[in-house]
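Ready to work through a structure by hand? Below are some short exercises, each with a solution that goes step by step.

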There are 2 protein chains.
Amino acid sequence: MFVARVYVTLKTGVNDPQGLTIKGGLQQLGFDTVEDVRAGKFFEIRINEESKGHASEAVGGMCEQLLANKVIEDYRFELQPVTG
Amino acid sequence: MFVARVYVTLKTGVNDPQGLTIKGGLQQLGFDTVEDVRAGKFFEIRINEESKGHASEAVGGMCEQLLANKVIEDYRFELQPVTG
């Protein structure tokens, strides 16, 4: 059993209206040292695979097929073995 | 200048309909070893502070006041110094 932590972020240069809105909100709250905010997604996936190789292959496939939009997003993930 | 990577996740026990939907989608795609999916948010924030202490204090404040809903979400962040 593994836990995959998947991070999906917008590619550099892709407009990020959500990030801009959050930046505006933070500055209005007085956090005037904020220079830039980029918003992304984070997934924690428990996967029942025996080997790290199989788990990595499966999670890579999930990112390619569902979790990330490869046109505008990048993804990365890390795997950690867990018991149970 | 620092970059803060902020991870906001639902607390254990809080319903996660987005995660359940993603889990269903992955299983329909044939990823039948998926046991559980939890969805969260990820922010990358560039902050113009001189010291790590000040940056940490500011980012903690941002999480408390805007980025996380403390009733149902947990947050954690890491800081990395950057140049420029």
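**Exercise 1. Find how β1(A) and β2(A) are joined, and give one facing pair.**

Solution. Keep in mind that this is a predicted model.
- Start with the strands: β1(A) and β2(A) run antiparallel, and eight bridges join them.
- Now pick out a pair: A:A4 has A:I45 of β2(A) opposite it.
- Then look over at chain B, where strand β1 (residues 2-10) and β2(B) also run antiparallel, joined by eight bridges.
- One pair to find there is B:F2 with its bridge partner B:I47 in β2(B).

**Exercise 2. Work out what the side chain of A:R5 does, and which residues A:R5 touches.**

Solution. Let's place the residue, then go through its partners.
- A:R5 sits in strand β1 of chain A.
- Its side chain and that of A:E44 are joined by a polar contact of 3.4 Å.
- There's also a polar contact between the side chains of A:R5 and A:Q80, at 2.7 Å.
- Leaving out residues up to four places away in sequence, A:R5 touches A:F42, A:F43, A:E44, A:R76, A:F77, A:E78, A:Q80 and, from chain B, B:R76.

**Exercise 3. Find the salt bridge that A:K41 makes, and say what the pair ties together.**

Solution. A bit of background helps here: side chains of opposite charge can pair when their charged atoms come close.
- The side chain of A:K41 meets that of A:E73 in a salt bridge, 3.4 Å from N to O.
- A:K41 belongs to strand β2 of chain A and A:E73 to strand β3 (residues 73-81) of chain A, so the pair ties together parts 32 residues apart in sequence.
- Over all chains, the structure holds eight salt bridges.
- How many of these cross the interface of chain A and chain B? The rule finds zero there.

**Exercise 4. Describe the interface between chain A and chain B: its residues, its area and the elements that take part.**

Solution. Take the residues, then the area, then the elements.
- Chain A gives 33 residues to the contact, and chain B gives 33 residues.
- The size of an interface is often given as the accessible area lost when the parts come together.
- Here chain A and chain B bury about 2800 Å² between them, with 67% of it on carbon and sulfur atoms.
- Which three residues supply the most of what chain A buries against chain B? They're A:F31, A:T33 and A:F42, with 20% of that area.
- Next, count polar contacts: 14 residue pairs are in polar contact between the chains, with both residues at pLDDT 80 or more.
- On the side of chain A that touches chain B, the elements giving two or more residues are β1 (2-10), α1 (17-28), β2 (34-47) and α2 (52-67) of chain A.
- β2(A) has the largest share of that side, at 14 residues.
- By kind, the residues of that side are 17 nonpolar, seven polar and nine charged.

**Exercise 5. Show how β2(A) pairs with β2 of chain B, and how the two copies are related.**

Solution. Go from the strands to the whole chains.
- β2(A) and strand β2 (residues 34-47) of chain B pair in the antiparallel sense, over 13 bridges.
- A:I47 is opposite B:V34 in β2(B).
- A:R38 has B:E44 as its bridge partner in β2(B), and A:E44 stands opposite B:R38.
- To lay chain A on chain B, use a turn of 180° and a shift of 0.0 Å along the axis; the RMSD is 0.0 Å.
- The two copies are therefore related as by a two-fold rotation axis.
- Which residue of chain A comes closest to the rotation axis? That's A:K41, whose C-alpha is at 2.3 Å.
- Finally, 100% of the interface residues of chain A are also interface residues in chain B, so the copies meet through the same surface.

Methods. Residues are numbered from 1 along each chain as its sequence is written. Chains are lettered from A and ligands numbered from 1 in the order in which they are written. This is a predicted model: local features need pLDDT of at least 70, side-chain atom pairs count only at pLDDT 80 or more; totals for chains, interfaces and linings use all residues. Side-chain values use heavy atoms; hydrogens and water are left out. Contact means heavy atoms within 4.5 Å. Buried area is the accessible area (1.4 Å probe) that two parts lose on being put together, summed over both. A salt bridge is a side-chain nitrogen of Lys or Arg within 4 Å of a carboxyl oxygen of Asp or Glu. A polar contact is a pair of N or O atoms within 3.5 Å; within protein, one must be able to donate a hydrogen and the other to accept it, and residues adjacent in sequence count only if both atoms are side-chain atoms. Helices (H or I, at least four residues) and strands (E, at least two) are DSSP runs, numbered from the N terminus. Ala, Val, Leu, Ile, Met, Phe, Trp, Tyr, Cys and Pro count as nonpolar, Asp, Glu, Lys and Arg as charged, and the others, Gly among them, as polar. Two strands pair if DSSP finds at least two bridges between them. Copies are superposed by least squares on the C-alpha atoms of residues with pLDDT of at least 70 in both.
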